Structure formats: C-alpha cells, structure tokens
Amino acid sequence: EIPHFLSIYFPNQKGYLLKTMWTILLTSIILLGIIIFAFTYTIQTIFKQKKLSEIKNDFISNMTHELKTPISTISLACEALNDKDISSDNNIKSNYINMISQENKRLGVLVESVLKSATWDKAELKLKLEEFDLHQIMNDVVENIKIQVLSKGGEIDKNLNVSNHIIIGDRVHINKMI
C-alpha cells in the first residue's frame, strides 16, 4: 500500500491567521495590560500603607514621649510637695506649684496640637510664625526638665551666649524640638 498525502497551500497564511484571531489577541493584550496595571497599583498601595503605618507608629511613639515628660515632671513635683521639709518652705513650694502649672499648660498645648494635626490637610503645614527670645524658650525648657534630671542624678549645663537670640519661628515647634 502506498501512503497518500494531501497538501494544502495557503498563499497568505499569516494574514489569514491574524484576520481570524485578531479579536482574541487584542482581548488578551488588553486583559494582560489590565492585570499588570492592577498588580502595579496593588503593590504601590501596599507600600503606601506600610509607609503610613510607620509614620503613625512614629507619631504615637513621639507623642507618648511628649506626654510622658510633663506627666512625670508633675508627678515628681507632687512627690516633692508631699515632703514635709519642702512643703514648709513657701519659696520652694511656690516654685513646684509654678512648675506643675507650666507642665499642665504644656499638656494642654500638646493635646491641642494633636487635635489640630488631625484636621491638617496633608499638603500644607501652617506655622504660627512670631518673634521670640530663644534664650527664654531654652530657659523654660531647662526649668521644666530640671526636676527629672536632678531626680536621676544628672545635671544641666547651659551656655546661652548667642548674640542674635531673637528669632522668628513657631514657638510651639521650637519648644518641642528643644
């Protein structure tokens, strides 16, 4: 038996295949593009969420530290006022009461700052610029932290001899920074 063969010749074979399959190819390319876009968008969203989570954690850590400082100063001042030797001296007693009042005001400013930051537009940060004495701010900060430093056996050495100590800035942010 002799094998039989059938030969078919397509003069425009590639053109014929493209004409019959162009809708399937185009649909596949569009779907592939959509999948790549969705994958890229998802990855970008994940990275943005991770960055926001890190910022939130940093904010909570910083705010906790900022709130603990005045609270511990108030606590130490109250303990000192409970000491019978200190409570008999009106000058020292007045100094501790003044310190408690200042730290209470500082807590109020911190809480107000947190509330304001919740309403800030992400694109803008409004600073309350004013002229003030940097030496005075530094003296206030040293006074506020002095009781904590002394209670842990530390000491503060300040050297305020800057010739141009009147600056323009946001007093609250400068105070927090120091």
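This is a guided tour of a predicted model, to be followed selection by selection in the viewer.

**Colour by confidence**

Begin by colouring the protein by pLDDT. The average is 82, and 93% of the residues score at least 70. Select helix 2, residues 84-88, where confidence is lowest, with a mean of 73. Then select helix 1, where the mean of 88 is the highest in the protein. A word of caution applies to any such colouring: where pLDDT is low, the predicted coordinates should not be read in detail.

**Helix 1 and helix 4**

Next, display residues 13-82, which form helix 1, together with residues 134-151, which form helix 4. Their axes come within 9 Å and cross at roughly 70°. That angle falls between 65 and 115 degrees, and the two helices are therefore roughly perpendicular to each other. The crossing of helix 1 past helix 4 is left-handed.

Which residues make the contact between these two helices? On helix 1, select Thr 69, Ser 72, Thr 73, Leu 76 and Ala 77. On helix 4, the partners to select are Asn 144, Ile 145, Ile 147, Gln 148 and Ser 151. Coloured by class, this contact of helix 1 with helix 4 shows 4 nonpolar and 6 polar residues, with no charged residues.

**Glu 103**

Keep the contact displayed and add Glu 103, which is found in helix 3. Is Glu 103 buried or exposed? Its relative accessibility is 0%, so Glu 103 counts as buried. Leaving aside residues within four places in sequence, Glu 103 is in contact with Thr 69, Pro 70, Thr 73, Ile 74 and Asn 144. Among them, Thr 69 and Thr 73 also belong to the helix 1 side of the contact just visited, and Asn 144 to the helix 4 side.

**Leu 110**

Remain in helix 3, residues 90-119, and select Leu 110. This residue is buried, with a relative accessible area of 2%. Which residues does Leu 110 contact, apart from its neighbours within four places in sequence? They are Glu 66, Leu 67, Pro 70 and Lys 176. Pro 70 is also one of the contacts of Glu 103. A distance label between the C-alpha atoms of Leu 110 and Lys 176 should read 9.3 Å, although the two are 66 residues apart in sequence.

**Leu 67 and Met 63**

Move across to Leu 67, which is placed in helix 1. With residues up to four places away in sequence not counted, Leu 67 touches Leu 107 and Leu 110. At 27% relative accessibility, Leu 67 counts as partly exposed, because that value lies between the limits of 20% and 50%. From Leu 67 to Ile 174, the C-alpha distance is 16 Å, across a sequence separation of 107 residues.

Then select Met 63, also in helix 1. Met 63 counts as buried, at 12% relative accessibility. Its C-alpha lies 31 Å from that of Asn 164, and the two residues are 101 apart in sequence.

**His 135**

Finish in helix 4 by selecting His 135. What is the relative accessibility of His 135? The value is 13%, so His 135 counts as buried. To see its surroundings, display Leu 160, Asn 161, Val 162 and His 165, which His 135 touches when residues up to four places away in sequence are not counted.

Notes. Residues numbered from 1 in each chain as written. Predicted model: local features only at pLDDT ≥ 70, side-chain atom pairs only at ≥ 80, totals over all residues. Heavy atoms only, no water. Axes fitted to C-alpha atoms, helices over the stretch in contact; angles between N-to-C directions. Helix = DSSP H or I, 4+ residues; strand = E, 2+ residues; numbered from the N terminus. Parallel < 35°, antiparallel > 145°, perpendicular 65-115°, else oblique. Left-handed = near helix turned anticlockwise from the far one by under 90°. Contact = heavy atoms within 4.5 Å. Nonpolar A, V, L, I, M, F, W, Y, C, P; charged D, E, K, R; others polar. pLDDT = per-residue confidence, 0-100. Buried < 20%, exposed > 50% of the residue type's maximum accessible area, 1.4 Å probe, protein only.
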